[in-house]
Amino acid sequence: MAPPLDIAGFSVLLLLALALLAPLLRSVRTLQIPLAFSLGAAASLAAVIAGVITVADGSVASATLTLGIPGLPFHIRLDPLAGFFLVVIGLVGFFVSIYSIGYVKGYGGVRSITQMICFYSLFLAGMLLVVLADDAYFFLVAWELMAAASYFLVMYEDERAENRRAAFLYLLIAHVGAIAILLAFGVMAGQSGRGGFDGYTFDAMRTAHLSSGWAAAAFFLAFFGFAAKAGVIPLHVWLPEAHPVAPSNISALMSGVMIKTSIYGICRFAFDFIKEFPWWWGCVVLALGLISAVMGVLYALMQHDLKRLLAYHSVENIGIILIGLGLSMIFASFHLPTLAALALVAALYHTLNHAMFKGLLFMGAGAVLHATHERNMEEMGGLIHRLPWTAALFLIGCVSISALPPFNGFVSEWLTFQAFLLSPALPHPLLKLLIPLGAALLALTGALAAACFVKVYGVVFLGQWRGHQKPERIHEVGPSMLGGMLLTALTCFLLGIFPTWVIAWLDTIPKQLCGGRLAESAGKFGWMWLTPLSHERASYSGPVVFIGILAVVAVTWLLLHLRATRVGRVPIWDCGFAKLTPRMQYTASAFSMPIRRVLGFLFAVREQVEIVPQTNHPAMPGTLQYRLRIRDRFWNWLYEPQGDAAYWIARQVGKLQQGRIQIYLLYSFVTLIVLLVFLG
Amino acid sequence: MSLHPFAIELLQLSLLLGLAPAFAGWVKVLKCRVQGRTAAGILQPYRDIRRLFGKDIVLAENASWIFRFTPYLTFGVTVIAAGIIPLVSVDLPLSATADVIALVMLFGLIRFFTALAGMDIGTAFGGMGSSREMTIASLAEPAMLMAIFTVSLASNSTSLTQMVSVMAHAEFVIRPSLAFALAAFILIALAETGRIPVDNPATHLELTMIHEAMILEYSGRHLALIEWAGMMKLALFFALGISAFCPWGISPGGEIGTLALALVMLAVKLMVGALVMVLIETGLAKMRIFRLPEYLGSAFLLATLGMIAFFILE
């Protein structure tokens with residue numbers, strides 16, 4: 001079999017070729033979509049194969065390309081960490097490509113399919129190259145390729161002003177982040193002690209010896225840049241704007257994998273380049289992770305736009321991943337390799353899990369959008385009767401993201417909890433005390449996420465249809481969309497049932513990055529029992545939980561169906577009053593009202609109730625209008641002042657423009673004089 | 001002579017399945033006595049369940065499979081949880097299936113589906129119950145885990161059997177951390193099992209229902225399963241508290257003698273625990289729903305104090 005690096009290279013080349021050939025495919029109109037996205041799926045699958053082999057073998061392969069700038073050819077390298085992210089990108093890419101065959105068809109005749117195919121493949125190729133790049137220059141080229149391609153995809157439906165605004169905001173914050181990453185590379189290269197372009201290779205950065213101040217500067221610049229891409233609070237404002245307005249297959253890729261490339265970057269900087277760092281770095285990462293997790297899920301609860309809500313959940317889950325990473329960094333800084341390995345595995349596992357269930361949920365949201373042309377949850381309801389398969393698959397995504405057993409989200413959160421409870425091993429008294437309190441915040445996040453997804457599922461799929469169009473016109477989506485979702489849901493399930501295999505497979509990454517291993521203790525009692533450190537400490541068995549529940553449910557069902565009973569179907573009991581209408585159901589805003597009351601001080605909430613009296617009976621209320629406006633406080637605190645300042649400066653500078661030629665000549669003359677004075 | 005672990009597991013499961021209604025009946029009898037009413041007897045829950053199993057089912061027209069599946073899932077998960085918590089012996093084959101965090105999440109799975117079933121019909125009652133239940137749960141769960149983590153830190157484990165073994169063999173001293181954690185646990189357990197002052201299991205008044213509002217539309221065997229699982233859940237929360245905070249008496253192996261002792265101890269603990277709960281329920285009034293954050297917040301504070309006490313004093 002070909003070496004993994006070649007397979008990964010083939011995958012990237014296939015995607016780049018697809019981007020180039022997309023215009024040619026236009027001539028075979030009917031085949032264009034299936035052909036292009038099948039090729040995309042094949043390329044993604046190749047990336048998965050390359051990644052799986054690399055991680056399993058723990059092999060490292062590198063190559064120098066003949067491309068690049070003089071003195072700095074492009075370097076690529078495939079090590080287990082890069083391999084893991086190849087798998088994450090490839091798996092979601094594979095499922096989403098299958099899904100896209102059906103989904104993109106909906107744009108046929110309305111929008112340019114060629115444009116979609118072209119940027120879709122460039123986007124995937126860019127993400128793969130980000131994790132493969134082995135020098136700063138190539139990394140940034142790939143990073144920008146990924147950012148630019150996704151910008152055009154967010155802009156895909158560009159006739160709406162909100163989409164253009166979201167895409168602009170996205171591009172702006174992506175570039176602020178990219179500049180920070182560039183500066184971080186500059187610091188690393190400058191301190192690496194190698195001259196010329198040589199310092200910009202990742203090899204030089206691995207061997208560089210940085211003073212603690214420069215190391216901190218490099219790490220936090222990079223962390224800032226990656227956090228901007230990942231949507232870590234307070235740099236998250238672009239995410240709930242940009243992810244929802246993109247086509248749903250793109251939202252799945254952006255939320256599922258693109259933001260994960262920044263997790264890759266943080267791992268690379270902390271564990272691979274710098275290696276030795278003080279404990280407070282980990283604390284900063286942990287604290288930001290906790291804030292993102294809690295605030296992300298709270299903001300999500302307040303949304304009633306389905307895709308926007310899911311986007312806020314990405315902020316939450318990035319937070320959970322950062323919690324694992326932060327704990328791992330704290331343990332690593334005190335040289336506790338096994339504990340660092342546990343926390344790192346928890347973070348990586350959650351990265352993979354989140355990619356799966358968030359991909360699934362965005363694909364499901366896309367299916368709902370496709371079928372109903374509606375994003376506002378308040379206009380939906382009862383879709384389980386119209387879209388039975390989508391509903392069942394979406395439910396798996398909901399249970400997974402709510403961290404409920406036996407699905408995958410639970411396993412990684414459980415591992416994170418275990419990492420939290422290991423804090424007594426730390427030699428630092430304050431950390432020992434404070435870190436378990438973080439576990440309470442993680443528990444709060446999990447419980448709020450469950451509340452949020454009861455709301456999502458209950459309002460969108462259960463109850464009765466609330467919308468204006470006739471529900472009979474809503475039909476189940478096609479086989480390719482269902483197929484893509486089904487495979488993703490299956491992966492969610494398998495990742496939840498067989499965690500020991502996944503951890504055994506992942507084992508080479510913590511071994512390489514923090515010197516600790518987990519697989520031996522985690523799988524000591526066979527594949528059925530997950531025992532992260534020892535069976536006395538904690539154990540969990542996904543298969544037994546699943547089979548046990550299934551068995552009891554089956555036996556109970558059979559016993560109760562031995563005797564035939566009549567199941568009567570009747571109209572809803574309305575307590576003897578007038579007929580219930582769908583408008584009387586609990587809405588999304590009503591569902592989250594208690595939490596809004598309890599934790600509302602964290603948002604800028606404005607509620608207005610207006611009672612308009614009847615015209616003929618002024619004493620009697622006619623209609624009641626309820627307006628609710630919730631704003632992100634960070635927007636008011638952090639972004640608006642900056643925007644105002646930028647406008648103010650622009651206005652002041654604008655005063656120079658008088659529009660008269662004499663004034664401009666005077667400017668030139670003064671400039672000339674000043675220059676002469678300085679030069680003289 | 002000692003019993004095989006599988007036999008103990010089976011014994012525990014059948015005990016819990018069979019006697020949970022009796023325990024619920026005992027609670028009701030106590031409550032009636034304390035409040036000066038005549039009781040229907042310990043066996044009334046059995047009669048209720050039997051009657052419900054015999055009845056036909058009436059479903060709303062738009063009830064989906066979620067509504068019909070939830071009672072079975074609730075029952076199934078509760079039975080699995082009953083096999084995990086050590087009641088009479090720590091030597092249970094199922095106990096390694098889930099540690100205490102996973103156990104809390106299993107109860108979370110029941111709540112998730114019950115709340116979905118509440119929203120399935122599309123009445124305002126169901127949605128109201130689901131919304132309130134999920135709100136309370138999201139505030140209660142952090143406090144619950146904090147209380148349990150304090151015990152976990154003391155026993156260096158989240159596995160229930162290990163927690164029981166360590167705590168049962170430690171010499172008996174009043175540990176401030178555990179005292180705080182126990183106080184927090186009691187407050188939270190009242191919330192999680194839907195008792196006064198958080199929820200009232202006996203009410204069907206729209207302003208005060210939480211759990212009952214979610215299951216209002218159920219009938220026949222569905223309702224029977226939910227009620228039965230609810231009784232087991234009540235007993236299991238007592239069992240969880242017992243194994244975390246006063247595990248003395250739970251048999252370390254499977255010897256008949258220690259098992260018999262464990263059974264007697266368990267019965268005594270459950271009866272005393274029920275009395276405490278009934279006194280709390282009778283002495284307090286149900287709280288307004290927006291007062292609950294204060295109640296749950298104080299539980300969280302107590303649990304946090306317990307954890308701080310553990311690190312500072314022990």
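**Exercise 1. State whether A140(B) is buried or exposed, and find what surrounds it.**

Step 1. A140(B) is buried, because 24 other C-beta atoms lie within 10 Å. A residue counts as buried if 20 or more other C-beta atoms lie within 10 Å of its own, as exposed if 12 or fewer do, and as partly exposed in between, with C-beta atoms placed from the backbone.

Step 2. This is a predicted model, in which local features need pLDDT of at least 70 and side-chain atom pairs count only at pLDDT 80 or more, while totals for chains, interfaces and linings use all residues. Residues are numbered from 1 along each chain as its sequence is written, and chains are lettered from A and ligands numbered from 1 in the order in which they are written.

Step 3. A140(B) sits in helix 5 (residues 124–155) of chain B. Helices (H or I, at least four residues) and strands (E, at least two) are DSSP runs, numbered from the N terminus.

Step 4. Not counting residues up to four places away in sequence, A140(B) touches I188(B), A191(B), E192(B) and L296(B). Contact requires C-beta atoms, placed from the backbone, within 7 Å.

Step 5. Y295(B) is 155 residues from A140(B) along the chain, yet their C-alpha atoms are separated by 9.6 Å.

**Exercise 2. Which residues touch the most other members of the largest nonpolar core?**

Step 1. A nonpolar core is a set of buried Ala, Val, Leu, Ile, Met, Phe, Trp, Tyr and Cys residues joined through C-beta atoms within 7 Å.

Step 2. The largest such core has 371 residues, and L128(A), V345(A), A143(B), A184(B), I188(B) and A303(B) touch the most other members. Helix 14 (residues 337–372) of chain A supplies the largest share, 22 residues.

Step 3. Leaving aside neighbours within four places in sequence, I188(B) is in contact with A140(B), A143(B), M144(B), A147(B) and A299(B).

**Exercise 3. Describe the contact between chain A and chain B.**

Step 1. Count the residues: 68 of chain A are in contact with 66 of chain B.

Step 2. Helix 18 of chain A gives the most to the side of chain A that touches chain B, with 15 residues.

Step 3. Sort this side by class: 47 residues are nonpolar, 15 polar and six charged. Here Ala, Val, Leu, Ile, Met, Phe, Trp, Tyr, Cys and Pro count as nonpolar, Asp, Glu, Lys and Arg as charged, and the others, Gly among them, as polar.

Step 4. Strand 3 of chain A runs parallel to strand 1 (residues 57–60) of chain B, joined by four bridges. Strands pair if DSSP finds at least two bridges between them. V567(A) has I57(B) as its bridge partner.

Step 5. In helix 23 of chain A, the buried residues include G542(A), V545(A) and V552(A). The buried residues of this helix pack against helix 17 (408–420), helix 19 (479–497) and helix 20 (499–506) of chain A, together with helix 3 (65–84) of chain B.

**Exercise 4. How many residues of strand 4 of chain A are buried?**

Step 1. Of the 10 residues of strand 4 (residues 604–613), the number buried is zero, so this strand lies largely in the open.

Step 2. Strand 4 of chain A is joined by 10 bridges to strand 5 (residues 621–631) of chain A, and the two run antiparallel. The bridge partner of V605(A) is I630(A).

Key: Contact = placed C-beta atoms within 7 Å.
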